[in-house]
Amino acid sequence: MPKTTKDRLTKSAYLSYLRCPQEYWLLAHQPLFVVEPYSLEYEHLRQQGYAVQQMVKRLDRFQNNATTTVDFERAFQTAELYARTDIVVTDNAKGTIDLYEIKSAASVKEDHYDDVAFQKLTLGSSGSTVDRCYVVTMNSEYVRKGEINPEELFVITDVTDQVNERLEVTAQQAKDAIAYLKTIPIPSLVDYCMANKLNCNFIKLHFPGLPDYTVFDIAFLKHEKRRELLAQEIISITDVPDDFPLSTKQRIQVRAAKSGSKIIDRVAIAKRMDAWEYPLHFLDYETFSYAIPQFDGVRPFQQMCFQYSLHTIREPHGEPEHTFFLSRGDDDPPRAMAESLRKAIGDEIGTVLVWYEAFEKSRNTEMAVMFPEHAAFFEEVNDRTRDLMKIFSDNLYIHPEFKGRTSIKKVLPVLVPKLSYASLAIGDGLTASISWYRAAKWDTMDQETRQKIFSDLELYCELDTLAMVEIYDELSTICR
């Protein structure tokens with residue numbers, strides 16, 4: 001959450017202004033409207049960031065010596081600006097400062113330059129002389145083998161030139177941000193922020209009661225076209241004019257929304273399904289990603305598999321068989337999972353059905369590299385993988401209640417209302433990932449809580465593949 005001070009523009013507030021001036025204004029003048037409920041994701045990212053910072057502090061260049069002085073989280077301020085730095089290294093002879101910003105990221109991003117530029121502006125305005133500017137990120141090529149080597153884990157990028165190039169713009173934008181707080185923004189849907197769209201707190205405050213299905217839900221609609229509709233006060237998808245220029249897929253979506261009817265291409269669906277060879281394996285992975293790799297053989301931010309669920313139908317009209325694997329963290333999770341899956345699928349692969357194939361295929365490719373003895377297996381699995389989601393994303397089955405989405409959590413309640421994620425203690429992939437990490441790695445967690453998490457994870461992942469089975473059955477029924 002960006003913070004503001006009464007008299008000074010903070011770095012976090014400045015970055016908030018760049019993302020969405022209206023939310024930045026709301027935070028300063030009506031902060032109670034911006035209070036967000038506790039988020040497991042936010043807490044996890046905060047803890048991850050702290051772990052990264054502690055690891056960076058171990059680097060050789062950040063140890064005090066006779067020629068330099070290292071300060072962590074040192075604050076600088078002027079009458080109007082305030083910035084707390086991650087690391088500053090002062091040349092004791094010259095008195096100049098090198099500025100370091102730590103980011104839990106795989107590479108330097110555009111907004112990192114804005115971040116560092118604001119810091120340099122503040123330091124310079126407070127009387128300090130900044131020599132070089134750096135951003136510390138994770139080395140995405142680093143593979144853990146035993147104890148972490150901090151000198152190899154991080155990449156330190158000199159961003160001095162990029163920061164200097166935008167320093168003048170940053171100074172003006174900082175003035176604009178301060179001045180903006182003295183204005184009263186005029187609420188306008190047309191001026192929605194790109195980052196949050198209708199989820200912007202300013203928009204939600206001033207435009208309550210918006211339709212559930214809006215022009216923001218039109219798939220792949222460009223911002224310029226969306227703003228054109230909003231400028232005509234067209235918000236609901238059902239109010240989009242018939243002559244408004246849309247792609248064929250977008251027009252079909254709008255037509256379905258207006259009619260309230262399903263649009264199903266049974267012939268095309270049947271053709272795809274007829275090409276799938278038995279046995280049919282419905283597969284889903286759960287993964288964990290962390291800046292600092294927690295297990296050997298894993299890179300920073302790698303989506304490391306720790307769980308799978310597999311439902312198998314061996315012949316037409318056959319009953320699905322369920323197998324699964326869940327690491328408890330006391331093994332080598334991806335290796336143990338790979339070996340379990342290899343045994344569960346066996347030599348008769350048939351067709352592997354997933355939801356959003358890019359994800360599972362990428363994990364298979366990674367495991368083929370990690371475990372060469374299983375490379376041929378994972379390569380064949382990829383060759384035989386088909387994406388059940390494409391029935392919906394390719395517009396072969398359109399339902400107005402999907403609201404332009406094709407995630408399994410949008411499709412399942414419509415096609416198979418008897419199944420639901422709502423009653424599960426763990427009901428989404430992010431919660432599953434964070435919960436598993438805590439159960440597997442936190443020594444402070446009691447055994448009862450740990451076992452409850454593992455049981456909840458088994459139920460969640462099983463529902464992902466059971467959902468695919470039920471959706472497959474529903475598709476089979478309508479194509480008969």
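In this predicted model, Val354 of strand E13 has Asp387 as its bridge partner in strand E14. The two strands, E13 and E14, run parallel to each other and are joined over three bridges. E13 also pairs with strand E10, again in the parallel sense and over three bridges; here Leu280 finds its bridge partner in Thr351.

These pairings belong to a wider arrangement. The strands form an open, five-stranded sheet in the order E12-E11-E10-E13-E14, and its pairing is mixed. E12 (321-326) and E14 occupy the edges with a single partner strand each, so one side of each has no neighbour in the sheet. From one strand to the next, the twist averages 25°.

A closer look at E13 shows side chains on both of its sides. Thr351 and Leu353 point one way, Val352 and Val354 point the other way, and all of them are buried. This fits a familiar pattern: in a regular strand, side chains alternate between the two faces of the sheet.

Helices accompany these strands. Helix H17 (residues 429-441) lies across E10, E11 and E12, and runs at about 60° to E10. Helix H14 (residues 375-383) has five residues listed as buried, namely Ala375, Phe377, Phe378, Val381 and Asn382. Viewed down the axis of H14, these buried residues fall within an arc of 165°, so they line one face of the helix. Ala376 and Asp383, on the other side of H14, are exposed. The cover over the buried residues of H14 includes strands E10 (280-288), E13 (351-354) and E14 (385-387), together with helices H12 (333-345) and H13 (357-370).

Conventions:
Residues are numbered from 1 along each chain as its sequence is written. This is a predicted model: local features need pLDDT of at least 70, side-chain atom pairs count only at pLDDT 80 or more; totals for chains, interfaces and linings use all residues. Side-chain values use heavy atoms; hydrogens and water are left out. Buried means under 20% relative accessible area, exposed over 50%, partly exposed in between (1.4 Å probe, protein chains only). Helices (H or I, at least four residues) and strands (E, at least two) are DSSP runs, numbered from the N terminus. The arc is that of the directions from the helix axis to the C-beta atoms. Contact means heavy atoms within 4.5 Å. Two strands pair if DSSP finds at least two bridges between them. Axes are lines fitted to C-alpha atoms, for helices over the stretch in contact, and angles run from 0 to 180 degrees between N-to-C directions.
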